[in-house]
Amino acid sequence: MTERNPASIEVQGLVREFRKGPRAVDGIDLRVAPGEIYGFLGPNGAGKSTTVLMLTTLLPPTAGSARVGGYDVVTQGPQVRGVIGAALQESALDPFLTGREHMRLQGALEGLSRSERTDRGEELLARVGLMEAADRKVRGYSGGMKRRLDLALALVHRPQILFLDEPTTGLDIQSRAALWDEVARLAGEDGVTVFLTTQYLEEADTLADRVGIIDHGRIVAEGTPAALKEEIGRPSVEAIPADEADFDAVVAVLQRFGERTLASRHGAAVRLGDADLSDIVRALDQQNLKVQHLQLHAPSLNDVFLAKTGRSLEGAGDQESDERARQASEAPAPATA
Amino acid sequence: MNTALATQIGQLARRSIVRTMRQPAQIVPALVFPLFLLAVNAGGLNQATKLPGFPTDSYLTFALAITFMQGAMFALMNAGTDLANDVETGFLNRLALTPLRGSALLTGMLSGVVVLGFIQAITYLLVGVTAGAHIAAGVGGVLTIFALTFLMTLGFGALGSAAALRTGSGEAVQGLFPLFFVLLFLSSMSLPRNLIQADWFREVATWNPVSYLIEAIRSLLITGWDGEALALGFAVAASLIVVGTVLASLALRTRLVRT
């Protein structure tokens with residue numbers, strides 16, 4: 001039931017077990033407010049898509065309960081489907097139909113009248129920037145165009161709640177940014193609640209009002225990106241000695257300023273206590289230790305994932321080692337030191 | 001039928017027809033392959049007409065019936081492959097999120113192969129008649145052939161859909177094609193059953209429902225109006241539709257899991 005402060009999505013103890021596998025989703029609780037963008041962040045195989053399938057009524061839960069738009073996903077499936085739109089993991093399109101034909105079909109199946117179908121189809125094609133390609137067969141579309149059409153199709157019947165399962169996976173930066181803009185506009189201007197799964201830290205950080213981090217079917221952290229990073233606290237500093245022989249000495253200096261944490265292959269890093277970067281620079285200088293690289297890392301959602309699971313998010317799904325994954329995650333990060 | 005259901009069926013039928021017509025890889029083999037086999041059979045087996053008791057002196061007319069059967073088997077493969085693609089790409093999930101009814105999905109999805117079935121039937125008849133085949137039952141016989149072709153296409157298409165929904169794999173559906181071809185070869189395809197020498201072969205052909213589909217069409221081409229042959233042919237085609245639809249509906253119930 002919807003009460004005084006109705007949630008768009010309300011999940012309690014949701015479980016999904018597959019016959020010959022582990023619990024894909026292992027008792028998750030979450031609540032998403034109307035108009036909120038909720039980022040569901042986790043590595044491959046964490047249980048994100050299984051959760052989306054249950055919330056969109058395409059997979060019955062093994063246990064627990066979930067209400068979407070005030071309706072129970074198990075007993076009120078048709079009502080749930082009436083208030084949601086979904087773009088699932090793959091762009092589920094017919095390669096032999098055009099974009100416009102897709103819009104017409106979706107509108108008809110959603111019960112729109114003939115004129116509504118045309119108007120809404122044109123409106124959405126224009127909104128996602130596909131008017132010029134509207135009469136081209138979808139098999140000639142780029143990945144970004146397919147994703148945009150997918151999004152437009154999910155919006156045909158003006159849903160209150162939108163599920164996007166890894167909507168930008170495999171897209172180039174421009175396509176990703178365009179989709180983010182559209183999702184932000186939907187939530188900001190149209191008041192659509194967005195439940196978005198992603199394995200991209202930046203996507204969750206940039207787009208989501210709140211983030212739930214899922215690993216092995218359990219939510220290990222939840223909150224606004226800022227609050228989650230704040231939980232981690234102080235930034236870390238990483239140094240790579242100019243001379244490998246100085247490694248132990250550099251570690252000793254760094255450890256005077258904080259607790260040691262994971263670093264790249266040739267580097268040493270500490271989570272800063274009360275000191276700041278200038279204190280470390282002075283201390284290294286006093287010891288006459290030269291470094292080829294010194295970097296201050298602000299806490300990221302990856303650090304949150306690392307703190308909660310002991311593993312790095314990038315590579316967690318494909319069993320990469322933590323150190324290599326950390327290297328990968330830090331490579332594109334802007335240096336702030 | 002209410003308006004919403006009619007709209008759903010109409011839109012899915014339109015999609016099915018459009019996508020079929022945009023796939024030459026579905027259309028060309030379905031038209032050419034049966035005609036190629038007809039040419040080979042008519043050219044190579046004409047001496048069979050000299051056998052005592054052979055019902056016609058034109059093996060072309062005798063063999064023309066086989067093309068319709070082969071065409072229906074292409075319907076199985078095409079309908080199944082299209083639906084399996086929808087499962088594989090997630091398009092079926094997209095449809096499942098709409099208020100779509102399962103009956104509309106199956107009916108609409110089979111429209112493409114039914115239309116292709118008509119195109120096939122017209123082509124086979126035109127080519128056959130142009131090459132010298134007869135249609136003993138005349139214009140009424142042509143219409144009856146179309147009616148039977150419609151039912152056969154629907155029945156085999158439903159079987160293909162059932163396989164697609166059960167397996168979710170286009171490759172699995174295509175794997176069925178040779179099996180059905182074996183059924184075709186073990187029927188009265190090449191000779192009337194009473195002229196098949198080997199007892200086991202004659203027995204198998206008698207039990208094989210494909211024989212009755214071919215014999216119904218063949219009766220219209222060679223004999224004229226043979227009530228028994230037509231009744232058996234239409235009964236087999238109707239049974240195929242029932243079996244195919246039941247199997248497809250059961251498979252759809254499992255595949256289209258939504259609460």
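**Close-up views of chains A and B**

**View 1. Strand β3(A) has both of its faces covered.** On one side Ile37(A), Gly39(A) and Leu41(A) are buried, and on the other Tyr38(A) and Phe40(A) are buried too; buried here means 20 or more other C-beta atoms within 10 Å of the residue's own, with C-beta atoms placed from the backbone. In a regular strand the side chains alternate between the two faces of the sheet. With 5 of the 5 residues of β3(A) (37–41) buried, the strand is largely enclosed by the rest of the structure. Strands, by the way, are DSSP runs of E of at least two residues, helices are runs of H or I of at least four, and both are numbered from the N terminus. A note on what you're looking at: this is a predicted model, where local features need pLDDT of at least 70, side-chain atom pairs count only at pLDDT 80 or more, and totals for chains, interfaces and linings use all residues. Residues are numbered from 1 along each chain as its sequence is written, while chains are lettered from A and ligands numbered from 1 in the order in which they are written.

**View 2. β3(A) runs parallel to β8(A) and to β9(A).** It takes 5 bridges to join β3(A) to β8(A), residues 193–198, and 4 to join β3(A) to β9(A); strands pair if DSSP finds at least two bridges between them. Look for Leu41(A): it stands opposite Thr198(A) in β8(A) and opposite Ile213(A) in β9(A).

**View 3. Four strands of chain A make an open antiparallel sheet.** The order is β2-β1-β4-β5. β2(A) (23–32) and β5(A) (71–72) sit at the edges with a single partner strand each, so one side of each has no neighbour in the sheet. Between β4(A) (63–68) and β5(A) there are 2 bridges, and Arg67(A) has Asp72(A) as its bridge partner. Helix α1(A) (48–55) lies across β1(A), β2(A) and β4(A), at about 115 degrees to β1(A); the angle runs from 0 to 180 degrees between N-to-C directions, with axes fitted as lines to C-alpha atoms, for helices over the stretch in contact.

**View 4. Here the two domains of chain A meet.** Domain 1 covers 9–223 and domain 2 covers 230–330, with bounds from an automatic or database domain assignment. Their centres, taken over C-alpha atoms, are 37 Å apart. The contact takes 12 residues from domain 1 and 11 from domain 2; two residues are in contact if their C-beta atoms, placed from the backbone, lie within 7 Å.

**View 5. Helix α11(B) spans what its length predicts.** Its 29 residues (227–255) should cover 42 Å at 1.5 Å a residue, and the end C-alpha atoms are 41 Å apart, which agrees; the expected span is 1.5 Å times one less than the number of residues. Its buried residues include Leu230(B), Val236(B), Leu240(B) and Arg255(B). They pack against α3, α4, α5, α7 and α10 of chain B.

**View 6. Ala96(B) sits in helix α4(B).** This residue is buried, with 21 other C-beta atoms within 10 Å. Leaving out residues up to four places away in sequence, Ala96(B) touches Leu58(A), Leu256(B) and Arg258(B). Its C-alpha atom is 9.9 Å from that of Arg255(B), 159 residues away along the chain.

Note on methods. Buried ≥ 20, exposed ≤ 12 C-beta atoms within 10 Å, placed from the backbone.
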